[in-house]
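Welcome! Let's take a short tour of a protein fold, one piece at a time. Have the 3D view open as you read.

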Amino acid sequence: IVNELAARLRKEGAHIVVVLAHIGGTQEEDGRVAGPIGSFASKLKGVDAVLGGHSHTIVVGKVGSVPVMIAGSNGRRLGVVRLGFDPPSGQAVLIEQAMKETFGEAVQPDSRVTSVVQSFQKKFSGEMDRGVAVASVKIPTERGESPLGNLMSDIMRQAVGAKIAFQNSGG
């Protein structure tokens, strides 16, 4: 379907086609893009870049001549793909492909935001520092069903009077 849509977009006048897909993957030590996103990108025609996700991995590579990126997770990085268009050749041209950190020592906190955060920390410090429960067993952090997930689902179910409630295992 992506190839069909890319061809239609080109026919309608699009010079550059970028695919945003919730498809994960990895990058091998040799730079090769692997996994589902690599397989997906290798089958595309008429696409100038592929931006993926789902796997929370970092991928900055190419499949053939097509830039492929996954920027990790939780906004910690920003994947940058800058494409230009070369009218004589009718082709997109890769100008930049880079991964940029969004958090770091170089970021200067905004004083107004810091002031608001500090006022709430002061206001609620006693309450937020107080323990509310102790787990009698280790709470698993791997994917799948867990006692904490069951507790949270039960709380949601009871809060709205539902017969069932569920959430994803990462939630």
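This is a predicted model, and a good place to begin is helix α2, residues 35-42, whose buried residues are Ile37, Gly38 and Ala41. Looking down the axis of α2, you would find these buried residues within an arc of 100°, so they line one face of the helix.

**Around the helix**
- What covers the buried residues of α2? The cover includes the strands β3 (33-34), β4, β5 and β6 (66-71).
- Ile37 is a nice residue to click on: apart from its neighbours within four places in sequence, Ile37 is in contact with Ile23, Gly24, Gly25, Val50, Gly52, Val68 and Ile70.

**The nonpolar core**
- The largest nonpolar core has 15 residues, and those that touch the most other members are Val33, Ile37, Val47, Val50 and Val68.
- At least two residues of this core come from each of α2, β5 and β6.
- Which element gives the largest share of this core? That is β6, with three residues.

**The sheet**
- Four strands form an open sheet in the order β1-β4-β6-β5, and their pairing is mixed.
- At the edges lie β1 (18-20) and β5 (58-63), each of which pairs on one side only.
- From one strand to the next, the twist averages 15°.
- β1 and β4 (residues 49-51) run parallel and are joined by three bridges.
- To find this pairing on screen, look for Val19, which stands opposite Val50 in β4.
- Val50 links our topics nicely: Val50 is also one of the contacts of Ile37.

Key: Residues numbered from 1 in each chain as written. Predicted model: local features only at pLDDT ≥ 70, side-chain atom pairs only at ≥ 80, totals over all residues. Heavy atoms only, no water. Pairing = 2+ DSSP bridges. Axes fitted to C-alpha atoms, helices over the stretch in contact; angles between N-to-C directions. Buried < 20%, exposed > 50% of the residue type's maximum accessible area, 1.4 Å probe, protein only. Arc of directions from axis to C-beta. Contact = heavy atoms within 4.5 Å. Core = buried A, V, L, I, M, F, W, Y, C linked by side-chain atoms within 4.5 Å.
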